[in-house]
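Colleague: Could you take a close look at a single part of this model for me, and say what packs against what? I'd like the residues that go with it too, in plain words.

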Amino acid sequence: MSNAISRLKTAATLLVVGTLTACSAGPDYKRPDMVLPENWSSNQQGGPVSDAAVKANSAPEQWWLIYGDNVLDQFEQEALAHNANIQVAALHVLEVQAQLGITEADQYPTISAQAIESRSKSTLAGAFPRPSTLPRIQNLSHATLNASYELDLWGKLRRASEAARADLLSAESARDTVNLTLTAQVAQQYFSLVALDAQEAVLKRLLASREDRIELNKKQLAVGMISEYDLHQAEADVASVQSQLVTLSESRNKQETALTLLLGRSPRDVMGSELQRGSPANPVVTVPDGLPADLLLRRPDLKDAEQRLVALNARIGVARAQYFPSISLTGYTGGESVAFADLFTGSARIFQFAANITQPIFNAGRLGYMVDAAEARRDQAVIQYKQAVANAFGDVRNALSAQDSARQVLTFETARSEALSQAYKQAELRYEAGIASRLELLDVERNALQAQLNRLEAERAQRSAVADLFKALGGGWKKQDVAKAP
């Protein structure tokens with residue numbers, strides 16, 4: 001009978017201890033409810049696309065590979081390795097990781113050693129003189145091993161660790177956001193540089209054509225076929241193109257500087273290095289039907305926002321735990337003796353074990369206000385997270401629409417450029433034959449030039465729109481992410 005009672009008491013004790021240990025103040029995290037679309041569909045992507053547009057069941061994590069440009073690939077890798085913002089974000093992750101270690105260390109006992117060796121002399125002329133029978137000089141040797149431990153019965157330390165882990169995940173997501181933004185910026189700056197090179201080539205061809213025409217006009221002036229007025233107009237046209245080339249060269253120089261800075265190159269390279277050029281393709285990317293729309297929640301900026309919400313939710317538990325008693329255990333063991341030789345003998349042995357319980361009674365509502373503040377911060381983060389998700393879906397919708405618009409603009413500008421190029425050739429023939437006036441030729445020439453420049457700008461916009469789409473989606477996707485059609 002006594003054995004049964006003893007086992008019952010033991011079981012009850014373990015149950016109480018287990019219940020207290022498992023008790024955690026504050027709410028557990030639950031992702032906010034949101035009404036999300038089930039998946040992407042074709043009607044969200046701007047209507048029908050050409051045969052060149054591929055609905056890929058997967059897109060590489062290194063999404064810039066779809067452009068098939070080795071120079072761009074090298075630039076992306078260089079930027080990811082050397083960009084200053086990337087390095088700062090990575091170091092911030094290490095900082096938060098160390099802070100997590102500090103926070104988690106609070107859940108474990110602390111053990112320290114202490115040793116004191118002192119020699120003192122007492123006064124005989126003080127208010128309480130030492131009896132002359134006792135020695136005035138005293139030695140004291142003291143050595144102890146100290147330990148302290150705070151019992152986490154209410155989950156305060158566990159909630160603090162939960163918040164610190166969420167902070168670490170938030171920092172890692174912020175680093176990934178910097179990575180994604182940087183790769184998109186590098187690609188877009190590179191596309192602008194390639195477009196400026198192509199525009200410069202067009203202007204140089206035009207300049208050469210107009211300079212040749214001036215030589216012809218000088219000969220025509222010599223035989224009286226044209227007047228000096230016509231020659232001066234031709235010279236002015238040449239100067240106009242030269243001015244455009246200077247302006248274009250300045251824009252290209254600024255573009256090269258911006259891209260060099262993104263690549264994280266040294267100040268010497270910023271001042272003098274030249275960037276290579278490649279030939280990027282013009283891909284058209286469509287998101288496959290059946291790709292779950294909630295896959296967007298893996299976007300690093302959304303993960304960052306959610307982990308900040310998780311951290312604030314956990315800190316409510318830290319604040320609520322202040323209502324409950326704080327229990328800490330302290331103790332030491334060691335030796336104390338007037339003679340160092342006897343410090344570790346049995347007669348010099350000392351120890352102490354103490355338990356400290358602190359229960360708040362009155363603090364003018366301070367703890368309640370701390371909880372209210374923690375809950376208010378959490379509620380703000382909930383709203384911010386929901387808005388961030390809505391903004392993300394808005395980014396995707398705009399990116400899909402922008403890519404479709406850019407594709408159509410490129411198609412129309414290409415057709416317009418080809419038509420005006422043919423018209424310009426015919427105008428030249430008409431001018432040489434004396435059928436068309438010089439003014440008519442210049443008008444067609446200007447239109448053809450602007451059409452070519454517009455086509456090059458449309459190519460840049462198309463490439464950049466694809467980069468914006470991947471940025472909005474948070475990168476590529478894997479084949480297993482695509483849901484099977486019902």
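Modeller: One term before we start: a residue is called buried if its relative accessible area is under 20%. By that cut-off, 36% of the 486 residues in the protein are buried. Keep in mind that this is a predicted model.

A bit of setting, then. The protein has nine helices and six strands. If you take the contacts with a separation of 6 or more, 84% of them join residues 24 or more positions apart. On the outside, about 28,000 Å² is exposed, with 56% of that coming from carbon and sulfur atoms.

The part I'd pick is helix H4, which runs over residues 156-222. Two packed helices are described by the angle between their axes and by the distance between those axes. Take helix H5, residues 228-262, as the first partner to discuss: the angle with H4 is about 160 degrees and the axes lie 9 Å apart. Angles over 145 degrees count as roughly antiparallel, so that is what H4 is to H5. Their crossing is left-handed. As for what fills the contact of H4 with H5, the residues there split into 19 nonpolar, nine polar and eleven charged.

Now the other partner I'd look at, helix H7, residues 300-320. Here H4 packs at an angle of about 165 degrees, with the axes 8 Å apart. H4 and H7 are therefore roughly antiparallel to each other, and this crossing is left-handed. The contact of H4 with H7 is made of eleven nonpolar, five polar and ten charged residues.

For a residue to zoom in on, try Asn-217, which sits in H4. Its relative accessibility is 2%, so Asn-217 counts as buried. What does Asn-217 touch, once residues up to four places away in sequence are set aside? The answer is Ile-226, Leu-231, Ala-234 and Tyr-431. Of these, Leu-231 and Ala-234 fall within the residue range of H5, while Tyr-431 falls within that of helix H8, 366-432.

H4 has another contact worth a look, this time seen from helix H9 (residues 438-473), where Ser-464 is found. Ser-464 is buried, at 5% relative accessible area. Beyond its neighbours within four places in sequence, Ser-464 is in contact with Gln-188 and Phe-191, and those two numbers lie inside the 156-222 range of H4.

From H7 you can step over to H8 by way of Val-371, a residue of H8. Val-371 counts as buried at 6% relative accessibility. Setting aside neighbours within four places in sequence, Val-371 is in contact with Ala-319, Arg-320 and Tyr-323. The numbers 319 and 320 belong to the range of H7. Val-371 and Arg-315 are 56 residues apart in sequence, yet their C-alpha atoms are 8.9 Å apart in space.

Last stop, just ahead of H8: Ala-364 is in the loop between strand E6 (349-358) and that helix. Most residues other than glycine have a negative phi. Ala-364 has a positive one, near 60 degrees. Is Ala-364 buried or exposed? Ala-364 is exposed, with a relative accessible area of 54%.

Terms used
Residues numbered from 1 in each chain as written. Predicted model: local features only at pLDDT ≥ 70, side-chain atom pairs only at ≥ 80, totals over all residues. Heavy atoms only, no water. Helix = DSSP H or I, 4+ residues; strand = E, 2+ residues; numbered from the N terminus. Buried < 20%, exposed > 50% of the residue type's maximum accessible area, 1.4 Å probe, protein only. Contact = heavy atoms within 4.5 Å. Areas by Shrake-Rupley, 256 points an atom, 1.4 Å probe, with all protein chains shown as cover. Axes fitted to C-alpha atoms, helices over the stretch in contact; angles between N-to-C directions. Parallel < 35°, antiparallel > 145°, perpendicular 65-115°, else oblique. Left-handed = near helix turned anticlockwise from the far one by under 90°. Nonpolar A, V, L, I, M, F, W, Y, C, P; charged D, E, K, R; others polar.
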